Every structure is written in C-alpha cells, then in structure tokens.
Amino acid sequence: MVTLTEDMKEAISTIQVFPVATASKEGVPNVVPIGFVSLVDDSTIWIADNFMKKSLSNVMENPKVSIYIWGPKTKGSFQIKGDVELKTSGPEFEKMQEIVHSKMAQAPAKSLLVMKITDVYDCSPGPNAGEKLL
C-alpha cells in the first residue's frame, strides 16, 4: 500500500479539477477533467461518475486510473496511479452521492470509482521527471 506524504495531500487539496486518465483493454487512452475527486485517506481516492462514458467503459475493461496533480499552489507536479473498484451501491456509494448532491443537486452521481493508490511519479520538469516517488 502506498501512503501519500503530507505535501502531496496538501497539493491535492488545492486542486479543483483533476485530469483523470484511463485506458481501454487495448490500451487506447482517455483523459477527462473531473471536479468530484476526493482524497478519502492516505491511500484512497474517490472519483465520482457524473457524466463518464469512455472512462467508465475503460475502467470496466481495465480497472486502472491515473490522476495528474498540478496547479499554482502545488509546489511541483506529480502523477498518482492506482487500481479502481467500481461501486453503484453501498455505504461508500451513498456517501459519495451525498457529497456530490450537496455541491451540485442536479448531478446524477451514477457510480463511484474507489481508487487504491499504487504508485506516485514526479512530473516536474528537470532531471527527476518521471522518477517514482512512492
């Protein structure tokens, strides 16, 4: 299990829209901006599915996700990779729906992607770009 550092958690808290990448079983990539991404604990991220089509299809074929973290307040950039479990019922799903509906009542909140973090890579320009951080 990978545990994010305090600096990484702080960086995540500054982001409003997250580029989230998936790939089909054949490796065809897809990247979309998602606003409902929550760090649940040091090694788990929730991604709410409101309008996913290709991403959801990809996750059903290939349950892996990558999230890019960068912004004016992040002190660098990094990529988080992880394994995803899709949930459409249960306590976690219901909690996600509450969170989404409290911010955007008309959002469908169709499913929850529970991401368990497996790796973190440096994306800052320079000699350490692409190196595994965690």
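A pocket, as the word is used here, is an open set of grid points with protein on both sides within 12 Å along at least five of seven lines. The model examined in these exercises is predicted.

**Exercise 1.** Describe the largest pocket by its volume, its central residues and the character of its lining.

Solution. Begin with the volume, which is about 200 Å³ for the largest pocket. Next, turn to the lining, which holds 14 residues, those closest to the pocket centre being Asp 7, Met 8, Thr 74, Lys 75 and Phe 78. Then sort the lining by residue class, which gives four nonpolar, five polar and five charged residues. Finally, ask which element supplies the largest share: helix H1, residues 6-13, contributes four residues to this lining.

**Exercise 2.** Determine how many cavities of 30 Å³ or more the whole structure holds, and characterise the lining of the largest cavity.

Solution. The search of the whole structure returns one cavity of 30 Å³ or more, and the largest cavity has a volume of about 60 Å³. Its lining includes Phe 36, Trp 46, Met 96 and Leu 112, while strand S3 (37-41), strand S4 (44-49) and helix H3 (91-103) each supply at least two of the lining residues. Sorted by class, the lining of this cavity comprises nine nonpolar residues and one polar residue, with no charged residue.

**Exercise 3.** State which residues UniProt lists for the annotated domain, and describe that span in the model.

Solution. The unreviewed UniProt entry lists residues 4-122 as "domain: Pyridoxamine 5'-phosphate oxidase N-terminal". In the model, the end C-alpha atoms of residues 4-122 lie 13 Å apart, and the span is 24% helix and 43% strand.

Key:
Residues numbered from 1 in each chain as written. Predicted model: local features only at pLDDT ≥ 70, side-chain atom pairs only at ≥ 80, totals over all residues. Heavy atoms only, no water. 1 Å grid on protein atoms, 1.4 Å probe; cavity = no way out; pocket = protein on both sides within 12 Å on 5 of 7 lines; lining within 4 Å. Points joined across faces, edges and corners; volume = space filled by probe spheres on them. Nonpolar A, V, L, I, M, F, W, Y, C, P; charged D, E, K, R; others polar. UniProt positions renumbered as here; feature names shortened; annotations may be inferred.
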